[in-house]
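Let's take a walk through this fold, from its core out to a hairpin and a long helix. Have the model open while you read.

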Amino acid sequence: QEAVKRQRAENEEVERWRAKEKEAQEKLDADSEDVTKVASKQQMLRSKIEECTTKIQELGSMPQPEMINKYAACSSKVCFKELEKANSHLKKYNHVNKKALDQFMSFSDQKEKLMKRKDELDRGYDKIKELMQVLEMRKCEAIQFTFKQVSMYFSEVFSKLVPSGHAQLVMKSVDGSEQSGPTQGMDSDQFSGVSIRVSFNGHGEMREMNQLSGGQKSLVALALIFAIQKCDPAPFYLFDEIDQALDAQHRKAVADMIHEMSKEAQFITTTFRPELLQNANKFYGVKFRNKVSHVECVTREEAYDFVEDDTTHG
């Protein structure tokens, strides 16, 4: 019987706790509903706050805190009266832009940013201008150095080709004046070109290229090529009948010059004259047979015979 009583008491205790659990669950569900309602209301209020804030911002600048404190203790009736007075007073300024202050602040910030950007661009411009001046100076120095070198070698080579003659390179400027070379402080844009003045007898007036004969022009052109070769050598040169318009004396001088410079470069020439054969190392004959050109390696004697035969029949 005691066990039955104890079991009955325990069952009653379990039922009581189950009732409490059910009551707590119902209360928890009710609280959850209340929390959901509060969260929904909170979200709605936040939306209203954002909407009101947007409307306030559209009205213009916010009042200072001291102005808010001034009317904080006033009743709604007093506040509405003050609002009516303010609105009637503001009607006089309907044509005034109410957002002018905000726009002024915004434009002031933009101006400050633009001024900083302008300062950066000005510094960049100064750097670029300085770099351009340095490059211009280096370009002028390169022009001066190259012109002096080529001019010196041109006069030297021409005096070897024409022992009794004299030649010089002349720098032309935009204004039409001529100088023996670039001067300090000149801009490269002031140079318009280079002209050549030569004299084949060593005295008398110096003549320009358009006043020379065909053979003289060929000789001057060769002198310029040899001068450039001394300044900036190339690995090989190909000349096609460069001695055609030259007399025997000048052909001999050109042949000697090619032989002298052949230590630094390879020269390939075509000729119908014997002077260029004297110092050559290799000879090739070109013959026309059955309407086809044939190139054959020949000896020095065969080359002389070939040239003399062509000269005789020519």
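Contact here means heavy atoms within 4.5 Å. Keep in mind that this is a predicted model.

**The main core**

With that cut-off, H250 touches L161, V162 and L219, leaving aside residues up to four places away in sequence. H250 sits in helix α6, residues 248-261. Is H250 buried or exposed? Its relative accessible area is 16%, and since buried means under 20%, H250 counts as buried.

One of those partners, L161, is worth a closer look. Again not counting residues up to four places away in sequence, L161 touches L219, A223, H250, A253, V254 and M257. The largest nonpolar core has 35 residues, and L161 and F226 are the ones with the most contacts inside it. Who supplies this core? α4 (100-161), β1 (166-173), β3 (191-199), α5 (214-231), β4 and α6 each put in at least two residues, and α4 gives the most, with seven. The core also draws at least three residues from each of domain 1 (103-215) and domain 2 (233-313). There's a second, separate core too, made of six residues, among them L277, V298, A303 and V307.

**A buried charge**

Next up is D243, in the loop between β4 (236-240) and α6. D243 is buried yet has no salt bridge. The nearest side chain of opposite charge belongs to R251, 4.8 Å away; a salt bridge would need a side-chain nitrogen of Lys or Arg within 4 Å of a carboxyl oxygen, so that pair doesn't make the cut. R251 is still among the residues D243 touches, along with T270, T271, R273 and L276, residues up to four places away in sequence not counted.

**The hairpin**

Over to the strands. β6 and β7 pair in the antiparallel sense over seven bridges. One of the pairings joins K287 to H294, its bridge partner in β7. The two strands form a hairpin with two residues between them, and N290 in the turn has a positive phi of about 50°.

**The long helix**

R46 is in helix α1, which runs over residues 2-59. At 45% relative accessibility, R46 counts as partly exposed. The C-alpha atoms of R46 and A24 are 32 Å apart, with the two positions 22 residues apart along the chain.

Here are some of the elements met along the way:

| Element | Residues |
|---|---|
| Helix α1 | 2-59 |
| Helix α6 | 248-261 |
| Strand β6 | 283-289 |
| Strand β7 | 292-298 |

Terms used
Residues numbered from 1 in each chain as written. Predicted model: local features only at pLDDT ≥ 70, side-chain atom pairs only at ≥ 80, totals over all residues. Heavy atoms only, no water. Helix = DSSP H or I, 4+ residues; strand = E, 2+ residues; numbered from the N terminus. Buried < 20%, exposed > 50% of the residue type's maximum accessible area, 1.4 Å probe, protein only. Pairing = 2+ DSSP bridges. Lys, Arg positive; Asp, Glu negative; His and termini not counted. Core = buried A, V, L, I, M, F, W, Y, C linked by side-chain atoms within 4.5 Å. Domains from an automatic or database assignment.
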